[in-house]
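Q: Please take a close look at the disulfides of this model. I would like the geometry and the burial of each linked cysteine.

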Amino acid sequence: MIINFIKKLNPKPSTLNPIQGQVLAEVLIAGGIFALISGAILGLVLDSYRATVGGEEDTIAMFLSQEGLDAARAIRDNRWTDLTVGNHGVTRSGGSWAFSGTSDTSGKFTRTVIVEDANRSARDGDAVASGGTNYGRTKKVTSQITWTTDEIARTVDAVANLTDWNVFDWVQFSCSDFSGATYTNSTSTCVGNIPTIVTDNDQAWNEAGGYLFTQASSTEFSGGTFSDTSLIGTGIVADVELATSTTWSNKTSPTSNNLTSVYMVSASDVWAVGLSGTILHWDGNNWSATTSPVANDLNGVHMVSAIDGWAVGASGKILRMNGASWSQFVDTGTETWQAVFMVSSTDGWAVSTGGTIGRWNGTVWDDTVTSPTAQNINSVHCVSSSDCWAAASSGKILRWNGTSWSEFVDTGADTWRDIHMISVSDGFIVGDAGVIRRWNGTAWNTVTSPTIEDIYTVSLLSASDGWAAGTSGKLLHWDGSSWTEALDTGTQRWNGLHMIGATQAWVVGEAGKIRFYASTAYAASGTFTSSVFDSGQLNSTWNSLHWSETLGSGSDLTISVRTGPTPTPDVSWAAFSSPEMTTSAGETINPSNNRYFQYRATFTSTDSNYTSEFHDITVLYNSFTTQHLFELAFTSAGNDGWAVGDAGSILRFQGVPTGLTWATTTSPTAENLNAVTITSASDAWAVGASGKILRWNGTSWSEHTDTGNETWRDVDTVSSSNGWVVGSGGNIRQWNGTSWSAVTSPVTNDLRGVDTVSSTDAWAVGDSGKILRWNGTSWSQFVDTGTESWYEVFMVSSSDGWVVGSGGNIRRWNGTTWSAVTSPVTNDLQGVYMLTASDGWAVGITGTIIRWDGSSWASFSSPTNRILAGVAMLDHKNAWAVGNSGTMLRYADEFFTSGNLISSVLDTVTATNRFFQSIFWSETLPTTATDITVATRSGNVATPDASWSAFSNESSIATGTPVLAADARYLQYRVTFFTTDTSTTSQLHDITVTYK
């Protein structure tokens, strides 16, 4: 068309004429017009071309982007946890889509599948582009195509929110859901039916009258010596317990036929085959015979998954398992198939006598694969679809390179029985006469063997852990350095072995013999000896200890200690103390005074299924005093206090309530001091034997008054000019701001306690049930309760007060009468302190501690069995108690630094092998000092036992993380709470597990 147009604009002239110049001008003008018109037309044509090409490229790009989304959906449907956040390329693998690399290319097009966490609106749950809350079961997927046309960069995006829909949910979000859990140092509170699970309050009394040496974490325990014990867990939740023994044990077999091969899908799903068509299955508890479609000998078995497996044998028999039953898939004729190995569901190999090799391509078994040998091939093992090895007779070792089989090496007369590849550069081959060779990536080198017996089977877990077995009952172990004979089981021949874990292996052999390698039972006894603790001081005094333990059925835990002058125990050290200490709540220790200290925990169990668990230990040493202490008092602010005791002992407390800030103070007397009271930080009184009344003036203690022979038992001041002391023989004196004056007493019995409500209202108590009252003018006997000795009185107000005394007796004042109150103890109570009408403590002999909650008194765990004589509260979360031998206890109502809950058991209601996908939860972490982690375990019996997996590694990703527990029917999770700030705690609100 363009050519024709040019011809019309340039006609050939027939003659020349006078106006030739004019014609030439016209021609030039016409040429210019032609250039303009032809340029425009050419532009239109090119634009049309570009539009056509661009449209085609857009179509291709949109197809590729949609294909990327479809691939992501397929990956999601196959396994949600494979839909990982990041940039991906996609590829077809084994007939399925999979992520590969960070992008993929198709011609000029580059495709990037971008997976991101998706947020949802808290209001309606809809996906939002920004804001909202991360939702662990939705991912935003963008399939982006980029390419360049005429140096112009172009992009097409396809976007979708993909949800993990093809799963079951195990959701725990109500109070009833969590009611089946086991709580340790944690608790669940409910508002409506909405739970909040937190670390429990560590409401405990602990030794605090000196310095503390504590061991509780894996780091602290790891420096010790373990003998038939082991460290379980990490961090501050670690425990020491009896070790389990890992042994090969016999298992009852349902057949006497020779077994030839075994394969473990999981700990609770194992298959074995043998002569006469024998097929056996292990379900986690028992071996049972399974119906076989053939009576021919079966020589090899290999499972692709729990619902897809193959077995091969004599007379060309190849069987397949579909998840429900075994059937004969094909009969290839006369071959005797010796072994089978499946690379995937669409790629596998079988080897036979006479050198025959068969290959599975996903549809058929091809037994016409060219073989480089006519020797019997006994085993085959693959690293990948393009790297396989086979072991044969007459020294033949064959290799598949992805295209063909070839004879890699001929080792001579060796008969190779089995081969197992760990990687492309590591593997073992075993054979007759105990011969073993190892592949190093280049050559098969001879390895020293511990036996000359024929080795028929080998299985490796890693380069440093494997087993082999053969004739004469030999079981050999590889530890990464050498093969050793681990067990000689007798005369039988072992034909097949498979391991999937360091303590998970099976071996099968002649006459149906089966053995199982596993951690089976706890040791009957064991010890943990701690590292040596350095007090930093010569001749340190070691006072007491207490520990936390959990005792399983038939188990026990005891502690003994020793000290020495050298950092390393030697002959200069004392022997471990005897008898062993058994009271975990607290025991006095009396080793020799030395700088260094060590303890030994002894574990025993009469039931091999249980062990005692040792959680932590706290040792008190270099107490501030060894004298008996009788009473203590604090200022109202709680930052200044005093404690007094025998031989004039006076200790001062300064600082915050949580600090160990007690220190001995110079005393003006050596007489026993029985009581102390504080009016202010610069005004305090202490009283004791031989009539001593001491006063603190803000700088020092001095003897204010010596009244003679009286033994003053208690003192109380209501102001700087009004106070009382009471003591032996019923003696009473009153402080008037200048002197202590004798006041007539209505009794001659010893008075032991006094408390003042006001200048016109005070109470005193003593022996023989005497309770006296001051009315502002005189003392009178208000009531005689009988034979009790009342040791202390505390008045909350003029109409509310308490007395405690011998035999655990307690009475309460209601403004009219003193009424008996039910006591939870019969031990003498020697001190009482009430913060409010609904919160108070009382203490007594043998470490007795009881608490009043506004309704009743209840016993409270005590870290000591020594006499406690006095108690004082700073607030409802902080209190102190003192007693014999310098005992000083502190009560702290704080959150535990760690706690956990172990859930009820999920039953997926299938035979076995549910695939557990993801776990996510809702949490509140008030500060960076708090955290929550989750671990899972699984098994195929309803109650967790030794057949269950151990708890997995911890995860702290609340928005969704893969479940690490193995596929099984049952699942259980453990939530662990942490805080390094005991004033706050992490909170769990709900948790969800997805599975299919």
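A: One disulfide joins Cys175 to Cys190, with an S to S distance of 1.9 Å; a disulfide here is a pair of cysteine sulfur atoms within 2.5 Å. The model is predicted, so local features need pLDDT of at least 70 and side-chain atom pairs count only at pLDDT 80 or more, while totals for chains, interfaces and linings use all residues. Residues are numbered from 1 along each chain as its sequence is written, and side-chain values use heavy atoms, with hydrogens and water left out.

The Cys175 and Cys190 link is left-handed because the torsion about its S-S bond is about -140°. This pair links distant parts of the chain, 15 residues apart: Cys175 lies in helix α3 (residues 175-178) and Cys190 in strand β11 (residues 186-191). Helices (H or I, at least four residues) and strands (E, at least two) are DSSP runs, numbered from the N terminus. Cys175 has a relative accessible area of 14% and is therefore buried, whereas Cys190, at 40%, counts as partly exposed. The cut-offs are under 20% relative accessible area for buried, over 50% for exposed and in between for partly exposed, with a 1.4 Å probe and protein chains only.

The structure holds 2 disulfides. Another joins Cys382 to Cys388, with the sulfur atoms 2.1 Å apart. The torsion about the S-S bond of Cys382 and Cys388 is 105°, a right-handed link, and both of these cysteines are buried. With the bonded cysteines of the protein chain numbered in sequence order, the pairing reads 1-2, 3-4.
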